[in-house]
Amino acid sequence: MTWPGPVDEPYPGPPPIRRPEPWERPRPWWVPPPRYAPPVALPTVRWQPPPGTPPHDVPQPYLLAMRSRDWGWWRPLLGLLLLLVVYTVAATVVVVLTLATGVSTDFAQLDLVDPLTLLVTNLSLIVAIPVVWLAWVTAHGMRRGWSSSVLARLRWRLVGPYALIALGTLGAGIGISLVLSFLLGEEDPSGPVAAFGWLLVVVVLTTPLQSAAEEYLFRGYLSQCIAAWVRRPRAGAVVAAVVTAALFSLAHMPGDLPTFLDRFAFGLGASAVVWLTGGLEAAIVLHAVNNVLVFVLAGALGDGVATEQVPDGSGLLFLLVSVASVGAYVTVVRRSRHRLRPERRTAAVDLRTPGMPVPVAAG
């Protein structure tokens with residue numbers, strides 16, 4: 001065979017053989033079955049959302065913030081038990097340390113216009129704040145801020161406006177009660193009490209924290225426990241308000257029925273503003289303004305004015321004035337929502353179904 005090409009070009013050789021691709025090869029008519037292998041038990045892996053993910057799949061009101069993805073009916077029971085034990089120990093330590101200093105206090109009379117007695121009483125209540133936070137972190141595995149609001153923190157921007165509202169409504173009610181007591185001849189002011197300056201210092205520095213501690217205890221934890229068990233938002237809010245208001249009134253040891261009803265109405269008002277605003281700020285301000293005004297007036301007017309039990313619930317007329325002032329505060333707070341725009345629902349990220357999670361901002 002001769003090369004037909006030019007004489008000066010070399011022979012290129014035979015063309016390359018093309019191998020068929022795997023998918024072009026003919027399949028055999030019989031494929032041997034795979035050898036049996038026992039199933040391998042894979043370890044159970046629980047996926048954890050990244051840090052900072054909201055603990056709710058859907059937005060929740062403040063009283064249902066406790067119902068997170070890890071909710072269990074037993075968690076509030078554990079938290080209440082922890083709260084009872086730790087708070088009892090902490091309050092006892094405060095009292096024992098005070099007695100160990102050798103400073104005399106009038107605990108038998110519970111004279112709250114005595115600066116030292118008021119200081120020890122307030123400190124024994126203030127320790128409830130970290131104890132409530134401990135219950136949230138330990139029993140529920142949630143941030144302590146969920147005891148404050150739907151933003152998991154205290155909304156300081158609301159404190160100032162609510163303080164002005166409380167001064168205008170609750171302050172007016174306390175002033176009217178004093179004027180009525182003077183006109184009816186039931187009070188005999190004797191002037192400032194001894195150590196009135198120290199009393200002012202104790203009231204200004206510790207009474208707002210004492211008021212906040214009571215709100216964290218009754219509205220920031222106990223109310224959430226009750227509402228979480230009831231689960232339905234409106235029904236849970238009503239049941240929690242009634243139960244905590246009754247316990248709140250009993251905890252202040254009312255001496256008669258009007259005094260009990262006065263504190264009961266105060267507790268209902270605090271629960272109402274918590275429901276309306278999605279946090280404790282309005283309730284803390286209501287409580288703090290009431291206590292600061294009453295203690296300052298009690299110290300300034302002297303022992304002749306019976307204001308150490310706050311507010312004065314003796315007599316139907318004083319009860320009506322007190323209830324009206326609390327009701328006015330709740331009404332003004334409700335009407336101020338369009339201006340202050342307090343957040344009322346938690347942020348949420350739905351992780352219940354596979355796919356891209358959809359975040360929802362608090363609002």
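## A residue in a loop

Let's start with Ala 195, which sits in the loop between helix 4 and helix 5. Although this residue is not a glycine, its phi is positive, at about 60°. Is Ala 195 buried, exposed or partly exposed? Its relative accessibility is 37%, so Ala 195 counts as partly exposed. Please keep in mind while you look around that this is a predicted model.

Arg 341 is another non-glycine residue with a positive phi, here about 50°. You will find Arg 341 in the loop between helix 10 (337-340) and strand 1 (348-349). With a relative accessibility of 62%, Arg 341 counts as exposed, because exposed means over 50%.

## The overall layout

Stepping back, the protein has ten helices and two strands. Reading from the N terminus, the order of elements is α-α-α-α-α-α-α-α-α-α-β-β, so the two strands come after the ten helices.

Of the 363 residues in the protein, 41% are buried. Now take the contacts with a separation of 6 or more: 76% of them join residues that are 24 or more positions apart.

## The largest nonpolar core

The largest nonpolar core holds 39 residues, and the members touching the most others are Tyr 162, Tyr 216, Val 273 and Tyr 329. Which elements give two or more residues to this core? They are helix 3 (128-140), helix 4 (159-183), helix 5 (196-230), helix 6 (233-251), helix 7 (257-277), helix 8 (281-301) and helix 9 (316-335). Helix 5 supplies the largest share, seven residues. Another core lies apart from this one; it has 13 residues, including Met 66, Val 132, Tyr 221 and Cys 225.

Val 273 is a good residue to click on. Setting aside neighbours within four places in sequence, Val 273 is in contact with Gly 279, Ala 282, Ala 283, Tyr 329, Val 330 and Val 333. One of these partners, Tyr 329, is listed with Val 273 among the core members that touch the most others.

## Helix 4 against helix 9

How do helix 4 and helix 9 run relative to each other? Their axes come within 9 Å and cross at roughly 165°. The two helices are therefore roughly antiparallel, because that term applies to angles over 145 degrees. Helix 4 passes helix 9 in a right-handed crossing.

On the helix 4 side, the contact is made by Tyr 162, Ile 165, Ala 166, Thr 169, Leu 170, Gly 173, Ile 176, Ser 177, Leu 180 and Ser 181. Helix 9 contributes Leu 317, Phe 318, Val 321, Ser 325, Val 326, Ala 328, Tyr 329, Val 332 and Val 333. By class, the contact of helix 4 with helix 9 has 14 nonpolar residues, five polar ones and no charged ones. Two familiar names appear here, Tyr 162 from helix 4 and Tyr 329 from helix 9; both are among the core members that touch the most others.

## Helix 5 against helix 6

Helix 5 and helix 6 pack with their axes 8 Å apart, at an angle of about 140°. That angle makes helix 5 oblique to helix 6. Helix 5 passes helix 6 in a right-handed crossing.

Helix 5 makes this contact through Glu 214, Phe 218, Arg 219, Leu 222, Ser 223, Ile 226, Ala 227 and Val 230. From helix 6 come Ala 235, Gly 236, Val 239, Ala 240, Val 243, Thr 244, Leu 247, Phe 248 and Ala 251. Sorted by class, the contact of helix 5 with helix 6 has twelve nonpolar, three polar and two charged residues.

## Links across the sequence

Trp 229 belongs to helix 5. Its relative accessible area is 39%, so Trp 229 is partly exposed. Which residues does Trp 229 contact, leaving aside its neighbours within four places in sequence? They are Trp 71, Trp 73, Pro 76, Leu 77 and Leu 80. Trp 73 is 156 residues from Trp 229 in sequence, yet their C-alpha atoms are 6.9 Å apart in space.

Leu 123 offers another such link. This residue is in helix 2 (residues 115-126), and at 36% relative accessibility Leu 123 counts as partly exposed. Leu 123 and Ala 91 are 32 residues apart along the chain, with 8.0 Å between their C-alpha atoms.

Technical notes. Residues numbered from 1 in each chain as written. Predicted model: local features only at pLDDT ≥ 70, side-chain atom pairs only at ≥ 80, totals over all residues. Heavy atoms only, no water. Core = buried A, V, L, I, M, F, W, Y, C linked by side-chain atoms within 4.5 Å. Buried < 20%, exposed > 50% of the residue type's maximum accessible area, 1.4 Å probe, protein only. Helix = DSSP H or I, 4+ residues; strand = E, 2+ residues; numbered from the N terminus. Contact = heavy atoms within 4.5 Å. Axes fitted to C-alpha atoms, helices over the stretch in contact; angles between N-to-C directions. Parallel < 35°, antiparallel > 145°, perpendicular 65-115°, else oblique. Left-handed = near helix turned anticlockwise from the far one by under 90°. Nonpolar A, V, L, I, M, F, W, Y, C, P; charged D, E, K, R; others polar.
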